[in-house]
Number of protein chains: 2
Amino acid sequence: MNFSISEENYIKAIFHLQQQDGFATTNEVANELSTKPASVTDMMKKLKVKKLLHYEPYQGFRLSTEGNKVALDVIRRHRLWEYFLSEKLNFTWDEVHEVAEDLEHVSSKKLIDRLDEFLGFPKFDPHGDPIPDINGNFTVTRVISLQDMAINTKAVVSNIKDQSTEILEVLQHKNICIGTRLEVKKRFGFDNSLEVKIGRQPVITISEQLAKNIFVTHD
Amino acid sequence: MNFSISEENYIKAIFHLQQQDGFATTNEVANELSTKPASVTDMMKKLKVKKLLHYEPYQGFRLSTEGNKVALDVIRRHRLWEYFLSEKLNFTWDEVHEVAEDLEHVSSKKLIDRLDEFLGFPKFDPHGDPIPDINGNFTVTRVISLQDMAINTKAVVSNIKDQSTEILEVLQHKNICIGTRLEVKKRFGFDNSLEVKIGRQPVITISEQLAKNIFVTHD
DNA sequence: AAATTTATTTAGACAAATCTAAAAATTGCT
DNA sequence: AGCAATTTTTAGATTTGTCTAAATAAATTT
């Protein structure tokens with residue numbers, strides 16, 4: 001099955017919205033896609049006929065198994081392109097989304113699977129969101145702020161929130177980049193600063209402001 | 001200005017068609033785009049209003065300066081993606097076109113210019129067609145068959161026509177690939193075989209059949 | 001529980017891109 | 001030049017995705 005750009009955008013929007021409430025409403029979708037409620041209703045009828053979602057008038061929508069598959073496929077494409085833009089073309093984190101929004105609708109399966117391979121099967125996009133693999137499975141490991149890590153737990157840096165040159169400077173100095181494995185050893189309640197160990201290097205100190213901007217996954 | 005996918009396809013088709021005759025006709029365009037003449041006329045009216053081409057009923061079409069710019073931009077995107085697919089994602093020459101046909105319509109200027117840089121500012125796509133640079137200029141160096149090279153001239157391999165495993169085998173054996181610099185030293189009239197020198201390696205012999213499939217540009 | 005507000009759907013219209021069928025212009029032929 | 005064949009255009013319809021305005025259903029308030 002092949003879907004139009006519009007259909008894919010609606011499916012993606014519903015997928016994201018139902019993460020929270022378990023379902024999505026007309027107004028929510030209209031708002032998410034900057035369109036009008038009437039347009040949403042029209043599209044929902046179409047997607048229901050195509051069996052991509054469950055929908056009874058006035059009851060909100062829930063993606064079907066098939067719809068979920070489509071959503072994960074679009075999200076896979078989107079996040080792989082984001083990773084490509086960031087990693088290979090040096091886009092900053094705030095620039096990748098808009099372009100990926102277009103690239104995600106190029107639906108050649110071979111293209112995406114080869115791209116995935118070329119990028120080394122990345123598990124997270126530049127925002128730290130998981131990238132579904134070729135079967136639609138993704139790492140459920142939650143990405144949390146370094147600040148929220150428990151003491152004596154190991155983690156891998158998966159993304160950095162802020163993207164200023166200042167933060168890059170301090171990260172470079174402390175030898176921290178995406179993929180760095182580290183362990184939180186101690187937290188000082190006075191200023192919420194952390195002591196962190198990276199491999200066999202001596203322990204380093206990370207301020208609260210910095211820790212809040214470093215996102216990690218459990219190792 | 002931003003143009004629809006349809007508009008871009010029509011402009012690209014006219015650009016290609018007017019390479020030959022200097023202008024394009026309704027039927028030619030309809031044929032090229034697998035659409036009907038009536039649809040072409042409709043679109044031509046639209047593109048005329050947008051000043052992308054010159055058109056008087058029954059007189060055929062010619063791109064305006066502005067239309068030419070748009071065409072070169074689309075072609076630049078198409079060929080850069082083809083190069084990417086071939087070079088980075090290991091697509092074969094006959095697979096790249098279809099996917100590039102979709103990718104070419106993602107029109108972020110930053111994306112394309114960064115991609116160009118990432119690829120090392122390639123001058124030719126995998127088919128040997130020149131890639132317009134950021135200003136729409138492209139190497140006019142004609143790509144010619146190695147067979148047609150004059151004696152004692154230097155050349156760079158820009159593409160291989162045939163794409164069978166057999167030709168790849170012999171090329172690999174003789175150490176020839178895209179980008180290889182070589183010099184034609186001698187031609188034997190008997191069988192039209194060539195003697196070619198690659199760098200400081202000993203001279204090798206290339207048959208007429210092989211030379212016809214190797215396309216080069218003057219160095 | 002009735003009234004009001006909010007959310008959703010329906011009805012009808014519109015723009016883009018396409019099509020078929022018919023009309024008009026151009027070209028080619030004798 | 002006149003007629004036939006071809007090419008191109010026009011007219012009117014269709015599909016997709018959108019919109020506004022009005023109608024209806026659901027939720028909230030009093």
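**Exercise 1. Find which residue of chain A comes closest to the rotation axis, and describe how the two chains are related.**

Solution. Of the residues of chain A, A:L103 comes closest to the rotation axis, its C-alpha lying at 3.7 Å. The structure is a predicted model, in which local features need pLDDT of at least 70 and side-chain atom pairs count only at pLDDT 80 or more, while totals for chains, interfaces and linings use all residues. Residues are numbered from 1 along each chain as its sequence is written, chains are lettered from A and ligands numbered from 1 in the order in which they are written, and side-chain values use heavy atoms, with hydrogens and water left out.

Next, a turn of 178 degrees with a shift of 0.2 Å along the axis lays chain A on chain B with an RMSD of 0.5 Å (superposed by least squares on the C-alpha atoms of residues with pLDDT of at least 70 in both copies). That is the relation of a two-fold axis. The same surface serves both copies, since 100% of the contact residues of chain A recur in chain B (contact means heavy atoms within 4.5 Å).

**Exercise 2. Work out the strand order of the open sheet in chain A, and state which strands stand at the edges.**

Solution. Six strands of chain A form the open sheet in the order 3-8-4-5-6-7, with antiparallel pairing (strands are DSSP runs of E with at least two residues, helices runs of H or I with at least four, both numbered from the N terminus; two strands pair if DSSP finds at least two bridges between them). Strand 3 (144-145) and strand 7 (204-206) of chain A stand at the edges, because each has a single partner strand, and so one side of each is left without a neighbour in the sheet.

Looking at one pair, strand 6 (residues 193-197) of chain A runs antiparallel to strand 7 of chain A and is joined to it by three bridges. The bridge partner of A:E195 in strand 7 of chain A is A:T205.

**Exercise 3. Decide whether B:E183 and B:K88 are buried, partly exposed or exposed.**

Solution. B:E183, placed in strand 5 (residues 181-188) of chain B, is buried, with a relative accessible area of 18% (buried means under 20%, exposed over 50%, partly exposed in between, with a 1.4 Å probe and protein chains only). Leaving aside neighbours within four places in sequence, the contacts of B:E183 include B:N152, B:K154 and B:V196.

B:K88, in the loop between helix 4 (65-87) and helix 5 (93-103) of chain B, counts as partly exposed at 27% relative accessibility. Not counting residues up to four places away in sequence, B:K88 touches A:F118, B:Y83, B:F118 and B:L119.
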